[in-house]
Amino acid sequence: MIRYKKDLILKVMVHGILIITLFALIFPFIWMLFGAFKDANEVIQMPPKIFPSKFNLTNFSEIRSLFPVELFLFNSILVALVSTLLQMIFCAAAGYIFAKVSFKGRELLFTLYLITMMIPQQLIMITLYKVFVGMNLQNTYLGIILPGTYNALGIFLLRQHISTISDSFLEAGFMDGASHFRVFRQIILPLCKPALATLAILAFMGSWNAFLWPLIITSDTRLATLPLGLSKLQSRWTTSWNLLMAGNVVSFIPMLLVYIFAQRYFIKSISLSGVKG
Amino acid sequence: MVGESRLGKVYVIVIFLLPSLVGLVAFNVIPIIHSIYASLTEWDLITPAKFIGIENYLGIFQDENSVKGMINTFKFVGGYIPLALFLSLIFAALLDMKLRWIKLYRALFFVPVIISWVVVSLIWLWLFNSDTGLINYLLSMLGIQGPMWLQDESTAMLAVIIASLSKDLGYFTIILLSGLQGISDEYYESADIDGANAFQKFFKITIPCLTPILFFVLVILLITSLQVFDQVYVMTGGGPYGSTRTLVLEIYDNAFQLNKAGFACAQAWFLVIIIWIVTVSQNKLQKRWVHYDSI
């Protein structure tokens, strides 16, 4: 009986700690959401009012008249989708070769891929910027997307996964006269769906939130992705919190929706691969 | 591997590897090699580079901003890592308990991780605002006169660290949680038989079994926090008076704002070397505290 009571107190305490912490972690986003609906006076009012007096969309239409927000949204979606798709194809293709098609020097080449995982972006970006300017890729979608399509970690992930697929599956395919392409498409890809889902989530998150490279390679506002557009918005309207928060909400909602629908995979992906978005 | 003809195989290898090979060579090998050369030159990204030897590397330790960038980066690392490790360990342990709603707690804990740095930074910029921010208002309700936070040299870095923790805590917590879930129940059961209490179990079983994951988290923490950029760029731009100017911000400014790309390359190499030294020494030190045999 005493034991039971002790357990109950402990449980209540843990619930309390977790709820308070979660409130502290999540409240900034709720505050952002409320801020996005407040008007210019309400947002700087002291003492602050928690709820906006009415939920109207004035701030959203105002930032739309000042900044092409729907274009930022379109750019972000385009860049994230194309980048994710390319990463999935490229990583699966390379992973297939490194797992199942042997050739001379394969292990050495794979080691080279792995080494690039240890090179931080900052070292590469300066020269890469110069190369991209030389190739007229500055201020293009391709310029934003291309460097991200090389994902050594993704290749590693897919290689590990494809290695676990038994050779007998492939051999059965070849016996029936299928080509490597067909075996890849009809046997390998369906079997490595979990790994592809992991990669897709990491790639989408990375691309949606990417900041430093897009900042460097674009100067044209019309090509800005949401994070970039938001930072431009901020440098113009430093303390117009209602407008800034409205912009934030536009960037926040799509990612939140993706998270709600694929929540299980998100947490699994992160704990499997341990990669930071 | 059985399969098609030799020629067919070569064809497949080339087609399948080509996209990533282009990335490997064009986006990695060439820029890396070129940046070695560029770090030895005076270069503004427009006119041809002028070879000046190791002068840039000497400059890293002489240039006032560069030294400040290093000190600020270490300040961030020194403040952020211990807190991140300590807090994520505690919350991983709590989230590992068998409680009602625990899955919901875990899912909510992770929300800040998926949101972009720019969004999170903008929110904290407002929360930390000394006149209209919520934090100073809450402090004033407790009778505390809040500091100027981001406008004050002595508190700006602290504010950046708090914002960073709020976003990253969920990430490290989830990784450590997956480590905790991997620890076999048998250890705890036999400890129960021996009459061990909760603290003994935590320090004698949980921590030792978790050391491989802790090691992984520590390495990731070191690597990513040495490269801190987005939040500083948005929240302070390096100010006030350069008090939050970190190494990567220095590299970015020198390369793309101040026409000192050669110097920036040298700084980038310096950063890479620090990261490598830290990673390798962690790897050496791990033998003293990481237990692999028990899992």
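**Stop 1: chain B as a whole**

Select chain B and colour by secondary structure: 13 helices and 2 strands should appear. In this predicted model, the radius of gyration of chain B is 24 Å, well over the 19 Å that the globule rule gives for 295 residues, so chain B is more spread out than a compact globule. Orient the view along the principal axes, and the C-alpha trace of chain B spans about 75 × 75 × 35 Å.

Now try colouring by burial. Of the 295 residues in chain B, 39% are buried. If you like contact maps, look at the pairs in chain B with a separation of 6 or more: 69% of those contacts come from residues 24 or more positions apart.

**Stop 2: two loops in chain B**

Next, pick Trp101(B), in the loop between α3 (64-95) and α4 (102-109) of chain B. What is the sign of phi at Trp101(B), positive or negative? Phi there is positive, about 65 degrees, although Trp101(B) is not a glycine. Is Trp101(B) buried or exposed? Trp101(B) counts as exposed, because it has 11 C-beta neighbours inside 10 Å and the limit for exposed is 12 or fewer.

Then move along to Asn259(B), in the loop between α12 (247-256) and α13 (261-289) of chain B. Asn259(B) also has a positive phi, near 55 degrees, and is a residue other than glycine. With 16 other C-beta atoms within 10 Å, Asn259(B) is partly exposed.

**Stop 3: the helices on either side of Asn259(B)**

Keep Asn259(B) in view and show α12(B) and α13(B), the helices that its loop lies between. How are these two helices arranged, parallel or antiparallel? α12(B) and α13(B) pack at an angle of about 160 degrees, with axes 7 Å apart. Angles over 145 count as roughly antiparallel, and α12(B) and α13(B) are therefore roughly antiparallel to each other. Their crossing is left-handed.

To see the contact itself, show side chains on both helices:

- On α12(B), select Leu247(B), Glu250(B), Ile251(B), Asn254(B) and Ala255(B).
- On α13(B), select Ala261(B), Phe263(B), Ala264(B), Gln267(B), Ala268(B) and Leu271(B), which the α12(B) residues meet.

Colour this set by residue class, and the contact of α12(B) with α13(B) divides into 8 nonpolar, 2 polar and 1 charged.

**Stop 4: over to chain A**

Hide chain B for a moment and select chain A. How many helices and strands does chain A have? Chain A has 14 helices and 0 strands, so the pattern read along the sequence is α-α-α-α-α-α-α-α-α-α-α-α-α-α. The radius of gyration of chain A is 24 Å, while a compact globule of 277 residues would have one near 19 Å. Along its principal axes, the C-alpha trace of chain A spans about 75 × 75 × 35 Å.

With the burial colouring on, 42% of the 277 residues of chain A count as buried. As for contacts in chain A between residues at least 6 apart in sequence, 77% join residues at least 24 apart.

**Stop 5: Asn242(A)**

Zoom in on Asn242(A), in helix α13 of chain A. Asn242(A) counts as buried, because it has 24 C-beta neighbours inside 10 Å and the cut-off is 20 or more. Which residues beyond four places in sequence is Asn242(A) in contact with? Select Gly35(A), Ala36(A), Lys38(A), Asp39(A), Ala40(A), Val43(A) and Asn59(A) to see them. Add a C-alpha to C-alpha distance from Asn242(A) to Leu57(A): the two are 11 Å apart in space and 185 residues apart in sequence.

**Stop 6: where the chains meet**

Bring chain B back. Across the interface, 71 residues of chain A are in contact with 73 residues of chain B. Helix α1 (residues 2-37) gives the most to chain A's side, with 12 residues. That side divides into 48 nonpolar, 18 polar and 5 charged residues.

For a last selection, take helix α13 (residues 241-261) of chain A with helix α6 (residues 117-127) of chain B, which pack at about 155 degrees with axes 10 Å apart. That makes α13(A) roughly antiparallel to α6(B), and the crossing is left-handed. Trp241(A), Leu244(A), Asn248(A), Ser251(A) and Phe252(A) in α13(A) meet Val119(B), Leu122(B), Ile123(B) and Trp126(B) in α6(B). By class, this contact has 7 nonpolar, 2 polar and no charged residues.

Notes:
Residues are numbered from 1 along each chain as its sequence is written. Chains are lettered from A and ligands numbered from 1 in the order in which they are written. This is a predicted model: local features need pLDDT of at least 70, side-chain atom pairs count only at pLDDT 80 or more; totals for chains, interfaces and linings use all residues. Two residues are in contact if their C-beta atoms, placed from the backbone, lie within 7 Å. Helices (H or I, at least four residues) and strands (E, at least two) are DSSP runs, numbered from the N terminus. Ala, Val, Leu, Ile, Met, Phe, Trp, Tyr, Cys and Pro count as nonpolar, Asp, Glu, Lys and Arg as charged, and the others, Gly among them, as polar. The radius of gyration is taken over C-alpha atoms; the globule rule is 2.2 Å times the number of residues to the power 0.38. Axes are lines fitted to C-alpha atoms, for helices over the stretch in contact, and angles run from 0 to 180 degrees between N-to-C directions. Angles under 35 degrees count as roughly parallel, over 145 as roughly antiparallel, 65 to 115 as roughly perpendicular and the rest as oblique. A crossing is left-handed if the near helix is turned anticlockwise from the far one by less than a right angle, and right-handed if clockwise.
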